[in-house]
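Please look over the sequence and the three-dimensional structure shown here before reading on. The report is written for someone who is meeting this structure for the first time.

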Amino acid sequence: MAQTANRERRGCSTSGCQFDAIALSDHCWQHTTDRDAYKNTLFEHVDARKSLAGGNFAKVDFEDVILDGADLRGANFSGACMRRVSLKNVNLAEACLAHTNWEKSYLEKVNLAGANLQGADMSRADLVKVAAEEARCSHVDFSSAGMERCSFVEAFLDFANFSEAHVEHTSFAAAVMGGCSFESAELVRCDLSRTNLAGATFHGAVCRGVNFHLSRPAAANFREATLEDCNLAKAIIREADFSNSTLARCDLLETVMERGRFKSVVFENVNRGNNDINGADFTDSKGLD
Ligand SMILES: [Zn+2]
């Protein structure tokens with residue numbers, strides 16, 4: 001077996017096979033027949049703190065594997081299965097993880113900065129202190145996931161699905177989040193400042209202490225949502241639909257509410273002023289003087 005994760009492409013040693021060999025093997029995953037031995041080699045490599053940066057792990061099945069402390073920067077995981085994987089202190093910066101399945105996985109202090117996760121399935125995953133700045137997460141399924149103290153600053157999250165997710169103390173500052181779904185999600189003390197949230201949905205979501213300062217949820221859906229202690233100052237909620245929502249102790253200073261739909265909204269102790277409310281509909285709303 002090769003002793004290092006090879007950054008250069010090596011073909012699989014099985015004659016006639018067109019696939020590349022995976023890191024630490026002379027064969028592609030399909031032709032790596034003793035998979036328990038392969039995983040032991042991998043664990044020994046990680047335990048010895050040897051780098052696997054840039055390694056090829058295409059189609060490798062990591063289901064239920066624990067890989068704490070691994071250096072997998074820039075590695076290729078296309079077609080790999082990460083279901084129920086457990087990763088602590090793992091470096092996956094710039095890694096290729098597009099369309100991978102991470103269902104029910106556990107990630108703690110994992111570096112995903114600049115990684116490509118487009119179309120990945122992270123449903124029901126648990127993420128703690130994950131750093132995913134500038135990561136490419138378009139169309140990632142985070143439904144029913146748990147997130148705590150993560151960073152998605154300046155990440156690309158358009159059309160990502162956070163429905164029924166529980167997200168707390170997580171920053172999405174300046175992220176691209178158009179078309180995102182937070183349907184029935186719970187967001188606690190998250191930073192969504194300066195995000196593009198055009199067309200996003202927060203239908204039925206509960207937002208507590210969320211910072212929407214300077215965000216742009218134009219034409220977003222906040223129907224039946226509950227917003228408590230949220231900062232919406234200078235946010236552009238033009239044409240957004242807040243019908244039947246509750247806004248308690250929220251800051252609405254200089255919020256652009258033009259053509260917004262605020263039918264039957266309960267406003268409690270909101271701080272507002274200098275709002276553009278041209279064409280906005282406040283039928284049956286309560287709490288605005
Ligand atoms: Zn092969």
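The sections below go from the whole protein to its helix and then to a few individual residues.

## Overall make-up

The structure shown is a predicted model, and its C-alpha trace spans about 75 × 30 × 25 Å along the principal axes. The protein contains one helix and twelve strands, which follow one another along the sequence in the pattern α-β-β-β-β-β-β-β-β-β-β-β-β.

Of the 289 residues in the protein, 50% are buried. When the contacts between residues at least 6 apart in sequence are considered, 4% of them join residues that are at least 24 apart.

## The helix and what follows it

Helix α1 covers residues 35–47, which is 13 residues, and from its first C-alpha to its last it reaches 18 Å, close to the 18 Å expected at 1.5 Å a residue. After α1 comes Arg-49, a residue with a positive phi near 60 degrees.

## Positive phi in the loop between β3 and β4

Most residues other than glycine have a negative phi. Against that background, two residues in one loop deserve a look.

Glu-134 is not a glycine, and yet its phi is positive, at about 60 degrees; this residue is found in the loop that runs between β3 (126–128) and β4 (146–148). His-139, found in the loop between β3 and β4, likewise has a positive phi of about 60 degrees although it is not a glycine.

How exposed are these residues? Glu-134 has 17 other C-beta atoms within 10 Å and is therefore partly exposed, because a residue counts as buried with 20 or more such atoms and as exposed with 12 or fewer. His-139 is also partly exposed, since 17 other C-beta atoms lie within 10 Å.

## Leu-157 and its surroundings

Leu-157 lies further along the sequence, in the loop between β4 and β5 (166–168). Is Leu-157 buried or exposed? With 28 C-beta neighbours inside 10 Å, Leu-157 counts as buried, because the cut-off for a buried residue is 20 or more.

Apart from its neighbours within four places in sequence, Leu-157 is in contact with Cys-137, Ser-138, Phe-152, Ala-175, Val-176, Met-177 and Cys-180. A further pair can be described by its separation: Leu-157 and Phe-242 stand 85 residues apart in sequence, and in space the distance between them is 23 Å from C-alpha to C-alpha.

How values were computed. Residues numbered from 1 in each chain as written. Predicted model: local features only at pLDDT ≥ 70, side-chain atom pairs only at ≥ 80, totals over all residues. Helix = DSSP H or I, 4+ residues; strand = E, 2+ residues; numbered from the N terminus. Contact = placed C-beta atoms within 7 Å. Expected span 1.5 Å × (residues − 1).
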